[in-house]
Each structure stands twice: as C-alpha cells, then as structure tokens.
2 protein chains.
Amino acid sequence: MDLSERQKKLLAAIIERYIATGEPVGSKTLVDALGMPVSPATVRNEMAALTAKGLLEQPHTSAGRIPSGAGYRYYVDHLMKQYDLSPVEKRILDAKLRTASGDSRQVLETAGNLLAEMTRCAAVSTTPSDAAAVVRRVELVPIGARTAMVVVLTSSGIIKSRVCRTDAEITVDMAETFYNIVNDNFLGKPTAAMTVAKIQTLAVSLGEKTLQMTPLLVTLAQLAATTEHTQMLLEGQSNLLGYREYAQNAFELMDFLRHAEPLDRVFSEAPHSADGKPSVVIGKENPYRELQNSSMIFGKYAIAGHESGTIGLIGPTRMDYARLIPSLQYLTEIVGKILSDSVEE
Amino acid sequence: MDLSERQKKLLAAIIERYIATGEPVGSKTLVDALGMPVSPATVRNEMAALTAKGLLEQPHTSAGRIPSGAGYRYYVDHLMKQYDLSPVEKRILDAKLRTASGDSRQVLETAGNLLAEMTRCAAVSTTPSDAAAVVRRVELVPIGARTAMVVVLTSSGIIKSRVCRTDAEITVDMAETFYNIVNDNFLGKPTAAMTVAKIQTLAVSLGEKTLQMTPLLVTLAQLAATTEHTQMLLEGQSNLLGYREYAQNAFELMDFLRHAEPLDRVFSEAPHSADGKPSVVIGKENPYRELQNSSMIFGKYAIAGHESGTIGLIGPTRMDYARLIPSLQYLTEIVGKILSDSVEE
DNA sequence: GTTAGCACTCTAAACACTCGAGTGCTAATT
DNA sequence: AATTAGCACTCGAGTGTTTAGAGTGCTAAC
C-alpha cells in the first residue's frame, strides 16, 4: 500500500482530527482547520482515493470520512509521531508508584488508576506470574496461639502471604515439623507441585503428627496456587462511558470486562511485539465480538528480566494512539523496575 | 400516617409491581394482574388518596402512579415482608467466602462480588478499621539478604504486611535492634502513634545504628497508616447500567462512586440502626445530589464484637428492598464471622 | 361505599418537511 | 496533467403535526 506524501499527510490529519472530535471529517473543515494550501475539491479527490484503498470510510453518502480499521493500522504503523511523556510527568508517575511499592498487587492497582486517569480509558493489568517458578523460601510467622501467617517466596520474586488459623495450638515443635516437611518436599520444586492433593497424600503418609497442621499446609497450597493463577485488575471502566461510541453498548462491554477470564486469554493470544514495545489491537482485529469497536494497547512488564504480566488499555478505536502508546510503554517499564526491586539480585 | 388495610395492600402491590417492571402502574393493570376483588374505578379512588398523602406520584396526568420517596419509606418501614435467603443459598455464600478467607481485603472483595452478582446493584465495602486499635505485635520476616517483610498485628485483629527493601544487609543484630526499638516505643501504643514523623525523631535520637533500618521503620509506619485509613472497595458498578433510570446520568454516578472519599463520609454520616439491622437510605434522603435518585442499603460488620467496617449496596430507588435487605444483613454477619476467625479469643 | 360510563389529558410513535453539511462530477483554469 | 470552481444531489438531524392508546377524574347510578 503506497500513498503519496500528500495522502499520508491528509490521512494523518483526518485521523488526528477524528480522534480529537469524534465527528466525521469533511473536506472543507479539514482545509479550514489545517490551513492546507489546496482547495476542498482537491482534498475530496484524495479522500476518494483513500476511501478506495480502504483506509477511510463514509458513514453515509453525505457525511465526512472516518478512519477505517485499516486506516488506523496504517497510521499506527507508519504515520504516527509518538508523543513521549514529559520528564516532569514521568517523575510524578514514578513518585506516585514508589509510594505504593511493597505489594505487587498494590503497585499494579495504582498503576492502573494512574493510567486510567491519564488516558480516560479502562486500564487492565495482570498480576505477575511465572509458571516455571520454583519455591525458594517458606516462612511461618506466629501471630497468636493458634494463628500464623504463611509466607511463600518464589524464584521469580513473587511474595505471597496469608493468615491461617489452626485447630490446635502452634508449638515450636509443630513449627519445626512444618519446616521439615516443607524443606523435604517443596523447596526448590516448582510451585505447581505444591497442590492440595499432594499435601493430602503427604499428610497421610506422615501420620498423626501432621494432622494438626494440615490447615497450615493447605494454606501453603492455596498460596502456591495464587502465584500461578494470575489475577486481573480493572480500573477506570467508567471512563468509557464518556465516549459517544459506547453510548448504547456500554453495558455489554463492561460486563465483558468484568469477567476477567476471557480478557486474560485475549492478552495471551494476541500477538505481542518482541522488543518490549506495546502491542496494538485495533477494532475488528480483535477476536472477541464485544471488543470489536474498541482498541487495546498492551505491553508486558518484566520482573528481573522475566516477562511476568501485562498492563493494557482499552478504549474506543479512536483513542489517541500517539500519546497512549508511549505512556503505556513507560508505565510497563517503571512497574517492572519497581517490582524487580523486591527481588534479590 | 394511617392507611386502611386496603390502601396498605394496594400500596405494597403498586410498589412491588413498579420494582419489578420499572413502569408506572395503572389502575387497570393492577386489578388485572393482582386479581383484586374490586374494580379499576375503586382502585383509582384509593390511588388518588395515596397520592394526596404523598406516597405515590404521577409522572404526568395521564400516566400510572409510581411510588414517591415517602412511599418507599412507608413500604420499607411497615409493609414489606422480608424474603430471607434460602438455606441453600446461604450455604453457597458461606462456602465461597470461606475459600477467600485469610486476607480481609480479599474476603470483602469476594463478598462485594457475590453481592453485586446476586443483587444486580453496585456493592461497596470498607476494609476493617479501628481508630482505638493498639499495636499488639510486630514481626520481621527475612526474605532475602536485603529484603524483609514487616508484619503488624493490632488489638482489633487487623493484620497487615508489606515487603521492604533496605540499603544495607539485614543482620541478626539489626533485626534485634529493630525489635528493641519496636518493643520500647510502639508495642501496646495506639497505631496512630506510629507515624513517619515520630520515627524520624526516633532515628535521630538513637543515632547511627538505626540509620540503616529507617526503611524498615518507615514501612512500619506506612502499615500503621493503612490499618487506620480504611479503603473502599467497589464492585459491580456496571450492573447499574442495566437500569433505565441510569441511562443518562450513569457517568456522573460512576464517577462519584469511583472517588471513594465522599462515599466513606456517606456511610459514617448516615444514621445506622443500632441493632445490627441494615440501614436504608432512599432517594432524596441522601445528602449527596449524585445519589438522590439511588437508594443505599448498608450494614456494619463486626470483628470480634467491634463494629469494624461497612458493606453496602447502591442501586436505583426501585430496588427490591424485600430481598436485598436480608441478603445484605446475612452477608455482613457472615463476613464478620469469617474475619473474626483470624482474631484470637 | 362501589362501580360503570364518559370526557379529558398527555405521551410516544409515525409522518412530513426543511436545513445544511458534505459529496461526486464536470468543465474551466493554471 | 493537476487543480479548482460550480452545481446538483444525498442524507441525517431537527422540527412541527397528527394520531392512537393508556390512564385519569368526575358524575351518576347501583
């Protein structure tokens, strides 16, 4: 698909104007607003050509043009000039995220909130996960006579903890047995191996002594499960209501977003550029019907060098790609950096 | 306000029908649907009487009646027959909540989700808090050479933890100093006393040795802060989009809900019945304009006997009070019970 | 006290009409 | 050969009018 220089300029102008206003762009408006050194008629001819190539669409005969999916795609791939965040904005983001640091979920939550606020889109993110992770450390923190906190640390730096209540009192002896069981059976093994089933067979084979501590072990298994099963976080969905294009089917989309599971699949199925650049999925390119008049931008964040989770944006197809892509990219970077901090080098 | 038996019956019928259909109820429809042993004309007379008393309203002269705020209020206070959850439903709720147990936030989140799902309303909840809480225990869990997890337990049973990274290596000696500082200064004191400012003056007075551990102490202060500042959780806001009455101003309401702070105030300001029954705020009774065509039902849950947080429902004024009130009540009870489990007796 | 009957009211839907932004084509201009 | 002015045409959004129907209030009869 080759376009003349003028066509490129025009296409970019049309798309940018449509993104800004949300209304079909007509030839006259375009010439007036952009001060192009040509007449509306010329512009009309070019627009007809671009329409023929499938880059523009006409809602009806006597309306202006709006970009087609292919139009956006061409724009994103070839025309768009990305607008990076200013150093000041970056510093503000940094600061806000740092204060949330500590719990990965909280970092992602604030990241999502910031992103939603900045972009007026819905922000989605998945908590870190690493299927190949290995159990690196388990700790039992006494809280009360019959309550303890179980802490798991994996090789990929994920830390999870949960409070657990046992039927019997937790003695030093019992804690020791717990550590022994853990050391013998789970340390250095993949988290996936630490299942409830495995623990039950273990409890049987070890006999009476372990009976009182099954709650502890079960909690451990549950924690292991959460390190694998990634959670989805969704922020700022209400932003979408501000856009004309969602006036009718807002409910459908929101309902879709609320059921995290398919979204999770969207991310893993979608093509993602290898080089750390965010991926863009535009309108109909999307496999799910509910998302076909939306676009998504998403990128992976890496903890200690491993791609661990995704942060994404969902908004109308006429989103401001030129600004949002760099914003998202910066955020994935900084989130990765912050989350890596809790992993030992 | 005294009504005849027939008027009561009629009012209840009108409200219930309006709740179900969302459309103004006319005299004929009412007689047909309810098989009342009177004619539409009689019903009309009674309706006129109820309108005169301010319990019903007419959108326009030739439409049916809809309940007024006062009408709902009368219904909720005097007419409504509450529908409890069935034992089966209760058991299902129980089970689902139990699996989330461990982290109070997670319990509330699932509770909110379940509530939203069941009621098709938005569910709000606040994490437990207790201003009078005292620091009962602090633990430092080693994670790596320079990473540790700080755990705080308060007298009201709130447990919070966060991972912290220090500049220097964490030695046994250092941990001991940390415990000493904590024991001497914070244990048994209110969480509110454990502020960053306090910690800084402390660090100065104790000199060099504590310098390396300020990150740990700061984390501690942050944790203390989170035990006081309650968080708001909001689930199922998209449910609201399903109702006709929110067609236009959905955005306004959602935006209001998203900014948790005022909602927090709503809960604390609103009158709450003393006896553990949920409170109901109907339409215009609400102090905030954005909520004035919504109703709220909310109740407090208690951890170990102390009222600790709120769970609430927000929906259109024509919500199904008869079912939602008992559902909410049951949920506050069970959430309180589950959260109390992690507190020692 | 209840009910049938009837005139009255108001909304929502259907329809006709106008206005204007925008188009595509053709012929003139550079 | 590319550009542009001119012009007839299209279509949607907005406006006024009409009509059907649901629902009401009132009166007089039961």
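These questions and answers go through a predicted model of protein chains with DNA strands. Local features need pLDDT of at least 70 and side-chain atom pairs count only at pLDDT 80 or more, while totals for chains, interfaces and linings use all residues. Residues are numbered from 1 along each chain as its sequence is written, chains are lettered from A and ligands numbered from 1 in the order in which they are written, and side-chain values use heavy atoms, with hydrogens and water left out.

Colleague: Which residues come nearest to DNA strand D?
Modeller: A residue is near a strand if one of its heavy atoms lies within 4 Å of it. There are 21 residues around DNA strand D. Those that come nearest are Arg6(A), Thr42(A), Thr61(A), Ser62(A) and Ser27(B).

Colleague: What percentage of the atoms of DNA strand D within 4 Å of the protein belong to sugar or phosphate?
Modeller: These atoms are split between sugar or phosphate and bases, and the bases hold the rest. The sugar or phosphate part is 78%.

Colleague: How far is a polar side-chain atom of Arg65(B) from a phosphate oxygen of DNA strand D?
Modeller: A polar contact is a pair of N or O atoms within 3.5 Å; within protein, one must be able to donate a hydrogen and the other to accept it, and residues adjacent in sequence count only if both atoms are side-chain atoms. The side chain of Thr61(A) has an N or O atom 3.4 Å from a phosphate oxygen of DNA strand D. For Arg65(B), the distance from a polar side-chain atom to a phosphate oxygen of that strand is 3.0 Å.

Colleague: Which element gives the largest share of the surface near DNA strand C?
Modeller: Helices (H or I, at least four residues) and strands (E, at least two) are DSSP runs, numbered from the N terminus. The share in question is four residues. The element that provides it is α3(B).

Colleague: Which atom type of DNA strand C is 3.1 Å from an N or O atom in the side chain of Ser62(B)?
Modeller: Thr42(B) has a side-chain N or O atom 2.4 Å from a phosphate oxygen of DNA strand C. The side chain of Arg44(B) has such an atom 3.4 Å from a base oxygen. For Ser62(B), the partner at 3.1 Å is a base oxygen.

Colleague: Are α1(B) and α2(B) roughly parallel or roughly perpendicular to each other?
Modeller: Axes are lines fitted to C-alpha atoms, for helices over the stretch in contact, and angles run from 0 to 180 degrees between N-to-C directions. The axes of α1(B) and α2(B) come within 11 Å and cross at roughly 95°. Angles under 35 degrees count as roughly parallel, over 145 as roughly antiparallel, 65 to 115 as roughly perpendicular and the rest as oblique. The two helices are therefore roughly perpendicular.

Colleague: How many residues apart in sequence are the parts that Glu245(A) and Arg318(A) tie together?
Modeller: The side chains of Glu245(A) and Arg318(A) meet in a salt bridge (a side-chain nitrogen of Lys or Arg within 4 Å of a carboxyl oxygen of Asp or Glu). Glu245(A) lies in the loop between β7 and α10 of chain A and Arg318(A) in the loop between β10 and α12 of chain A, so the parts tied together are apart by 73 residues.

Colleague: Which residue has a side chain joined to that of Arg258(B) by a polar contact of 3.4 Å?
Modeller: Arg258(B) is placed in helix α10 of chain B. Leaving aside neighbours within four places in sequence, Arg258(B) is in contact (heavy atoms within 4.5 Å) with residues including Glu117(A), Asn239(A) and Leu234(B). The side chain at 3.4 Å is that of Asn239(A).
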